[in-house]
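Below are my comments on the model, set out as numbered points for discussion. Please read them with the coordinates open.

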Amino acid sequence: MNVDGELPNIKRWIVLYPVYMNSKKTMAEGRRIGLSKACENPTCAEIGDCCSYLKLPFAIEIDKAYPRDFMQKGRVRVLLKKEDGTLFNPTISSRKQLMLRVADMVPKHHGRTKKQEAAVSTSNAGASNKSGKGGKKRR
């Protein structure tokens, strides 16, 4: 795709804030999908990776903030339809379907699985180090 041709039209792309899919937020705080389908603390990078996996054009806007919580930085713009009206991904035809698919994919994101494996290995290593404590007494 031509990047130069897309930039003026980026304002017409749909906007996804991470809070839309955050299971830690309430509906009043901005969550847009059901709690059972939401994921915990998604990031813009994870949403972008999911969009690229789904073969959807996207742009991450780091400098933008969610209006209800301006401390929450970043949003992702996604293009669902081509100029002629056909869908980029025939299985995703609406914003809601995209949010549900992304929320389903984020917990399986390679960055999250690596973090969980690292946390498990460090907690095991920490437990083994504690067993050697209490050697010499100070006088």
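1. Helix 2 is followed by K55, whose phi is positive, near 60°, and this is a predicted model, which is worth keeping in mind when reading the backbone angle. K55 is not a glycine, and its place is the loop between helix 2 and strand 2. Most residues other than glycine have a negative phi. As for its surroundings, K55 counts as exposed, with a relative accessibility of 65%.

2. A second residue of this kind is N41, which has a positive phi of about 45° and is likewise not a glycine. N41 sits in the loop between strand 1 and helix 2. With a relative accessible area of 42%, N41 is partly exposed, because the exposed class begins over 50%.

3. Which residues of helix 2 are buried? They are C44, E46, I47, G48, C50 and C51, a list in which the glutamate E46 deserves a look, since the others do not carry a carboxylate side chain. Helix 2 (44-53) is also among the elements that cover the buried residues of helix 3.

4. The sheet is an open one of 3 strands in the order 1-3-2, with antiparallel pairing. Strand 1 and strand 2 (58-66) stand at the edges with a single partner strand each, so one side of each is left without a neighbour in the sheet. On average, and with direction ignored, neighbouring strands of this sheet are turned by 30° against each other.

5. The two pairings can be described one by one. Strand 2 and strand 3 run antiparallel and are joined by 6 bridges, and a hairpin leads from strand 2 to strand 3 through 2 residues. Within this pairing, A65 stands opposite K73 in strand 3. Strand 1 is joined to strand 3 by 3 bridges, again in an antiparallel arrangement, and here I14 has V78 of strand 3 as its bridge partner.

6. How are the buried residues of helix 3 arranged around its axis? In helix 3 (residues 95-105), the buried residues are L98, M99, V102, A103 and M105. Seen down the helix axis they fall within an arc of 160°, so they line one face of the helix. An α-helix has 3.6 residues a turn, so residues three or four places apart point the same way.

7. The buried residues of helix 3 are covered by elements that include strand 1 (14-16), helix 2 and strand 3 (69-78). Helix 3 itself lies across strand 1 and strand 3, and runs at about 30° to strand 1.

8. The largest nonpolar core has 32 residues, and those with the most contacts inside it are L16, Y20, M21, L56, V78 and L98. Strand 1, helix 2, strand 2, strand 3 and helix 3 each supply at least two residues of this core, and helix 3 gives the most, with 5 residues.

9. V78 connects several of the preceding points, being both the bridge partner of I14 and one of the residues with the most contacts inside the largest nonpolar core. Leaving aside neighbours within four places in sequence, V78 is in contact with W13, I14, L16, C51, L56, P57, F58 and L98. Among these contacts, C51 is one of the buried residues of helix 2, while L98 is one of the buried residues of helix 3.

10. Is N89, in the loop between strand 3 and helix 3, buried or exposed? At 11% relative accessibility, N89 counts as buried. The side chain of N89 reaches the backbone oxygen of L54 at 3.0 Å, and a polar contact of 2.7 Å joins the side chains of N89 and T91. Apart from its neighbours within four places in sequence, N89 is in contact with L54 and L56, and L56 is itself among the residues with the most contacts inside the largest nonpolar core.

11. D84 is placed in the loop between strand 3 and helix 3, and at 60% relative accessibility D84 counts as exposed. The side chain of D84 makes a polar contact with the side chain of T86, at 2.9 Å.

Technical notes: Residues are numbered from 1 along each chain as its sequence is written. This is a predicted model: local features need pLDDT of at least 70, side-chain atom pairs count only at pLDDT 80 or more; totals for chains, interfaces and linings use all residues. Side-chain values use heavy atoms; hydrogens and water are left out. Buried means under 20% relative accessible area, exposed over 50%, partly exposed in between (1.4 Å probe, protein chains only). Helices (H or I, at least four residues) and strands (E, at least two) are DSSP runs, numbered from the N terminus. The arc is that of the directions from the helix axis to the C-beta atoms. Contact means heavy atoms within 4.5 Å. Two strands pair if DSSP finds at least two bridges between them. Axes are lines fitted to C-alpha atoms, for helices over the stretch in contact, and angles run from 0 to 180 degrees between N-to-C directions. A nonpolar core is a set of buried Ala, Val, Leu, Ile, Met, Phe, Trp, Tyr and Cys residues joined through side-chain atoms within 4.5 Å. A polar contact is a pair of N or O atoms within 3.5 Å; within protein, one must be able to donate a hydrogen and the other to accept it, and residues adjacent in sequence count only if both atoms are side-chain atoms.
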